[in-house]
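Biologist: I would like to take a close look at a single part of this model, and to see how that part fits into the rest of the chain. Could you walk me through it slowly, as you would for a first-year student?

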Amino acid sequence: MARAGGVYAMAKKPVRAALGDVWLNCQVCQGDLFRERGVLLNSSGMEFMKLAWADENATGLICWRCGYVHLFVNKDIKLYRADK
């Protein structure tokens, strides 16, 4: 995240997210715009054996408004482009 004129600027376009027919909102501020990022769920054992690349992946949704990070391992999550 780059800082532009005292405000944090997000590099990616905002998305909305749904799980089935349920639209997701931020748990903290109830915002509905997110920035998506892949997250590797590292375990200390796999790190120790230099196999961290084999750990499970998650979808990280970073709230566009407050920055809270939501993690989902459910592969059924759908992301939709949103015009800010």
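Modeller: Let us start from His70, keeping in mind that this is a predicted model. Leaving aside its neighbours within four places in sequence, His70 is in contact with eight residues, namely Asn25, Cys26, Gln27, Phe34, Thr59, Gly60, Leu61 and Cys63. His70 itself lies in strand β7, which covers residues 69-72, and with a relative accessible area of 5% it counts as buried. One of its contacts can be described in finer detail, for the side chain of His70 reaches the backbone nitrogen of Gln27 at a distance of 3.1 Å.

Several of these partners lead us to the next feature, since Cys26, Phe34, Leu61 and Cys63 are among the residues that make up the largest nonpolar core. That core has eight residues in all, and the other members are Val15, Ala17, Leu24 and Ile77. Two elements, β3 (15-19) and β6 (56-63), give two or more residues to this core. As a general background, nonpolar side chains in soluble globular proteins tend to be buried together.

Cys63 deserves a pause here, because its relative accessible area is 0%, and it is therefore buried. A student who sees cysteines in a model may wonder about disulfides, and the structure holds zero of them. A disulfide is a covalent bond between the sulfur atoms of two cysteines. The closest cysteine sulfur to that of Cys29 is in Cys63, and because the two are 3.5 Å apart, they are too far from each other for a bond; the cut-off used here is 2.5 Å. Seen from the other side, Cys63 is likewise in no disulfide, and its nearest cysteine sulfur is that of Cys29.

From the core we can follow Ile77 outward. Not counting neighbours within four places in sequence, Ile77 is in contact with Ala17, Ala18, Leu19, Leu24, Thr59, Leu61 and Phe72. Ala18, one of these partners, sits in strand β3 and counts as buried because its relative accessibility is 2%. Apart from residues up to four places away in sequence, Ala18 touches Trp23, Leu24, Asp76, Ile77, Lys78 and Tyr80. Ala18 and Tyr80 are 62 residues apart in sequence, and their C-alpha atoms are 8.2 Å apart in space.

Two of the residues that Ala18 touches, Trp23 and Tyr80, also belong together in another way, as the structure holds one aromatic pair. Trp23 and Tyr80 form this pair, which is tilted, with 5.2 Å from centre to centre and 50° between the planes. The pair links distant parts of the chain, because Trp23 is in strand β4 (residues 22-23) and Tyr80 in strand β8 (residues 77-81), 57 residues apart. Trp23 counts as exposed, because its relative accessibility is 51%, whereas Tyr80, at 39%, is partly exposed.

Stepping back, we can place these details in the whole chain, which has one helix and eight strands, following the pattern β-β-β-β-β-α-β-β-β along the sequence. Of the 84 residues in the protein chain, 27% are buried, and the chain exposes about 6,200 Å², of which carbon and sulfur atoms supply 54%. Among contacts between residues at least 6 apart in sequence, 49% join residues at least 24 apart, and the link between Trp23 and Tyr80, 57 residues apart, likewise joins distant parts of the chain.

Conventions. Residues numbered from 1 in each chain as written. Predicted model: local features only at pLDDT ≥ 70, side-chain atom pairs only at ≥ 80, totals over all residues. Heavy atoms only, no water. Phe/Tyr/Trp six-rings, centres within 6.5 Å; stacked < 30°, edge-to-face > 60°. Helix = DSSP H or I, 4+ residues; strand = E, 2+ residues; numbered from the N terminus. Buried < 20%, exposed > 50% of the residue type's maximum accessible area, 1.4 Å probe, protein only. Core = buried A, V, L, I, M, F, W, Y, C linked by side-chain atoms within 4.5 Å. Contact = heavy atoms within 4.5 Å. Polar contact = N/O pair within 3.5 Å; in protein donor to acceptor, adjacent residues only side chain to side chain. Areas by Shrake-Rupley, 256 points an atom, 1.4 Å probe, with all protein chains shown as cover.
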